[in-house]
Amino acid sequence: MNLTDEDLAGLFDLGREVCRSGEGILPVLRTRFPGLPITQCPASDISDEPFRAGEYFDLHLLDTRDHCWKVTSDPLAATGLLLAMHRGTI
């Protein structure tokens, strides 16, 4: 799945609204973006610079094409997403 800047901005905004509401973020995003691998972890577990930093989570792009997933800064190489959740939002 190729992620456009518009997709990523919309996903980030939707995620922020879901976190504000207290609803679980993964089920909402997985429903909105079926087939896109989306996972989460505590922000303290990842040291890479985020693609976009936010109040509730930092968004990292993942390249999932090989056996081992890796963080990428290239939206054209992104085939998955990692939400690094800030304290109190996981």
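**View A. Gly22 comes right after helix 1.** In this predicted model, helix 1 is followed by Gly22. Look at the backbone here: the phi angle of Gly22 is positive, near 85°. The helix that ends just before this glycine covers residues 5-21. Counting along it gives 17 residues, and the distance from the first C-alpha to the last is 24 Å. That is close to the 24 Å expected at 1.5 Å a residue.

**View B. Helix 1 has a buried side and a side turned away from it.** Which residues of helix 1 are buried? They are Leu8, Leu11, Phe12, Gly15, Val18 and Cys19. These residues lie on the same side of helix 1, because they cover an arc of only 130° around the axis. Now turn to the face that points away from this buried side: here you will find Glu6 and Ser21, which are exposed. And what covers the buried residues? The cover includes helix 2 (25-32), strand 2 (57-63) and strand 4 (80-85).

**View C. Helix 2 also keeps its buried residues on one face.** Here Ile25, Leu26, Val28 and Leu29 are buried. Seen down the axis of helix 2, these buried residues fall within an arc of 165°, so they line one face of the helix. Pro27 and Thr31, on the other side of helix 2, are exposed. The buried residues of helix 2 pack against helix 1, strand 1 (38-42), strand 2 and strand 4.

**View D. Arg20 and Glu17 form a salt bridge within helix 1.** Side chains of opposite charge can pair when their charged atoms come close. In this view, the side chains of Arg20 and Glu17 meet, with 2.8 Å from N to O. Why are these two separated by about one helical turn? Because they are three residues apart in helix 1. Arg20 is partly exposed, with a relative accessible area of 46%. Glu17 is partly exposed too, at 42% relative accessibility.

**View E. Asp63 and Arg65 join a buried residue to an exposed one.** The side chains of Asp63 and Arg65 meet in a salt bridge, at 2.7 Å from N to O. Are the two partners buried or exposed? Asp63 counts as buried, at 6% relative accessibility, whereas Arg65 counts as exposed, at 57%.

**View F. Lys70 and Asp66 make another salt bridge.** Here the N to O distance between the side chains is 3.8 Å. Lys70 is partly exposed, with 42% relative accessibility. Its partner Asp66 is partly exposed as well, with a relative accessible area of 49%. How many salt bridges are there by this rule? The count comes to four, and the pair of Lys70 and Asp66 is one of the salt bridges.

**View G. Two arginines sit over phenylalanine rings.** Start with Arg32: its charged end sits over the ring of Phe33, 5.0 Å from the ring centre. Then find Arg52, whose charged end sits over the ring of Phe12, 5.2 Å from the centre. You have already met Phe12, as one of the buried residues of helix 1. While you are looking at rings, here is one more count: a search of the whole structure finds one aromatic pair. A pair of aromatic rings is described by the distance of the centres and the angle of the planes.

Conventions:
Residues are numbered from 1 along each chain as its sequence is written. This is a predicted model: local features need pLDDT of at least 70, side-chain atom pairs count only at pLDDT 80 or more; totals for chains, interfaces and linings use all residues. Side-chain values use heavy atoms; hydrogens and water are left out. Helices (H or I, at least four residues) and strands (E, at least two) are DSSP runs, numbered from the N terminus. The expected span of a helix is 1.5 Å times one less than its number of residues. Buried means under 20% relative accessible area, exposed over 50%, partly exposed in between (1.4 Å probe, protein chains only). The arc is that of the directions from the helix axis to the C-beta atoms. Contact means heavy atoms within 4.5 Å. Rings of Phe, Tyr and Trp (its six-membered ring) pair if their centres lie within 6.5 Å; planes under 30 degrees apart count as stacked, over 60 as edge-to-face and the rest as tilted. A charge sits over a ring if NZ of Lys or CZ of Arg is within 6 Å of the ring centre and within 35 degrees of the ring normal.
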